[in-house]
Amino acid sequence: MRADLIIVGAGMVGSTLALALEHSGLKILIVDGSPLSVAPFDAQAPFEPRVSALSMASQRILERLGAWQGIAARRACPYGEMRVWDGSGTGSIHFAAASVHAETLGHIVENRVVQDALLERLHDSQIGLLPGTRLEQLRRSGDDWLLTLEGGRQLRAPLLVAADGANSAVRRLAGCATREWDYLHHAIVTSVRCEKPHQATAWQRFTDDGPLAFLPLAGPAGEHWCSIVWSTVPVEAERLMALDDEAFCVELGKAFELRLGKVLHADRRLCIPLRQRHAKRYVEPGLALIGDAAHTIHPLAGQGVNLGFLDAAVLAEVLLHAAERGEHLSDERVLSRFERRRMPHNLAMMAAMEGFQRLFQADPLPLRLLRNVGLDLVDGQAEAKALFVRQALGLAGDLPELARA
Ligand SMILES: Cc1cc2nc3c(=O)[nH]c(=O)nc-3n(C[C@H](O)[C@H](O)[C@H](O)COP(=O)(O)OP(=O)(O)OC[C@H]3O[C@@H](n4cnc5c(N)ncnc54)[C@H](O)[C@@H]3O)c2cc1C
């Protein structure tokens, strides 16, 4: 089967790219190893352990693509404030959406909810879906890419996009080089019920071993639920994973200084090793990498998929403009426009996360003093904080049309 564009990976980022090109006139195929089925939403079902803090920019992109409605109709929790503090000192900082006259800083949404809302739109579109089939082999054949899927089926297209996540098969098979290293952190994620309301606030405590986040969830009336991301050294993560639920809740409450009272219940826990990865190039002739296939970063600022949505929106914009001008979409000069717009932004975000992580893990007294004084100092600076808030909203820098007001 032949197409103008094949996207491998119908995760949150690949699906977004496909929808952003829905009216391009291109013949698009999207391939994924999972069934791509949409389960009916059950409001009584437990929360999914994987959630994302979606920025205002991501919300706008999803709204324009008609997927936000599906998210809002399921389950999303807006948050208007963020509190960050140093667990081994006194420094703290507080951000509020109101400081930049915004209604929210973002929404905490289960990944499954975002994915289902996007899939619902994809199933209603003209985009060709190839579910339940993984890419196994890839090679150049003239000006095309020749893809061999599980079971031997072959596809070809002049333009291929890798949206197949952190362990991208496309990236590996195409021989794209990456820079990567272990954070020496694992993230434990789960949903917990707390004694006190979360106050529509995203909370983050920097402990000696790594950041611990409590993110607000829209639980049933009278119940106070949060999604937690507890990043810590692997040996400690193993110990915490081995605890029974009751002991885990006690340790978690203590690590969080009981800011929301006792932790009354914890759902099933997942433990995810964290690795920083960045492709040295996002493009080569006829190929572009987007989302986690291009970059994975520490989840401490909840930016991974937000960067991915911006990659998808910028790549779509670059391709649509090139098509209007009659250019070849697989031309490296065309695809490089996408790389030039996205790589500096992604690298800056990765460097900031790396800096944060190192600063907060640093033990020497002068560094601990510096970060405590620094947090308090920034907390007193309305202008500097407004800058941070705009970053959190995803509204700083070179925005694609889809993310603009
Ligand atoms: C603990 C944790 C917390 C996080 N919290 C946040 C947050 O708050 N906010 C945020 O923005 N980001 C967050 N992230 C990052 C975010 O989860 C990722 O950036 C996002 O899921 C990446 O989406 P993607 O579509 O690029 O890749 P994926 O979600 O990995 O999707 C890849 C798709 O490709 C398919 N696929 C893979 N291989 C093949 C193959 N060979 N053939 C066919 N299909 C294939 C898969 O089935 C999948 O559907 C967090 C990450 C972690 C680990």
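A residue counts as near the ligand if one of its heavy atoms lies within 4 Å of it. In this predicted model, 31 residues sit around the ligand, and the ones that come nearest are Asp 32, Ala 53, Leu 135, Asp 292 and Val 305. Sorted by class, that shell holds 14 nonpolar residues, 12 polar ones and 5 charged ones.

Next come the polar contacts. Leu 135 takes part through its backbone, with an N or O atom 2.9 Å from a nitrogen atom of the ligand. Val 13 also uses a polar backbone atom, this one 3.0 Å from an oxygen atom of the ligand. With Arg 134 it is the side chain that does the reaching: one of its polar atoms lies 3.5 Å from a ligand nitrogen. As for how wrapped up the ligand is, it has 1,000 Å² of accessible area on its own, and the protein covers 85% of that. Two helices and two strands each give two or more residues to the shell: helix H1 (12-20), strand S3 (51-54), strand S13 (178-194) and helix H8 (304-324).

Helix H1 has a helix partner to look at too. A pair of packed helices is described by the angle between the two axes and the distance between them. The axes of H1 and helix H4 (residues 111-123) come within 10 Å and cross at roughly 30°. Angles under 35 degrees count as roughly parallel, so H1 is roughly parallel to H4. As for handedness, the crossing of H1 past H4 is left-handed.

Technical notes. Residues are numbered from 1 along each chain as its sequence is written. This is a predicted model: local features need pLDDT of at least 70, side-chain atom pairs count only at pLDDT 80 or more; totals for chains, interfaces and linings use all residues. Side-chain values use heavy atoms; hydrogens and water are left out. A polar contact is a pair of N or O atoms within 3.5 Å; within protein, one must be able to donate a hydrogen and the other to accept it, and residues adjacent in sequence count only if both atoms are side-chain atoms. Accessible areas come from the Shrake-Rupley method with a 1.4 Å probe; for residues, only the protein chains shown count as cover. Helices (H or I, at least four residues) and strands (E, at least two) are DSSP runs, numbered from the N terminus. Ala, Val, Leu, Ile, Met, Phe, Trp, Tyr, Cys and Pro count as nonpolar, Asp, Glu, Lys and Arg as charged, and the others, Gly among them, as polar. Axes are lines fitted to C-alpha atoms, for helices over the stretch in contact, and angles run from 0 to 180 degrees between N-to-C directions. Angles under 35 degrees count as roughly parallel, over 145 as roughly antiparallel, 65 to 115 as roughly perpendicular and the rest as oblique. A crossing is left-handed if the near helix is turned anticlockwise from the far one by less than a right angle, and right-handed if clockwise.
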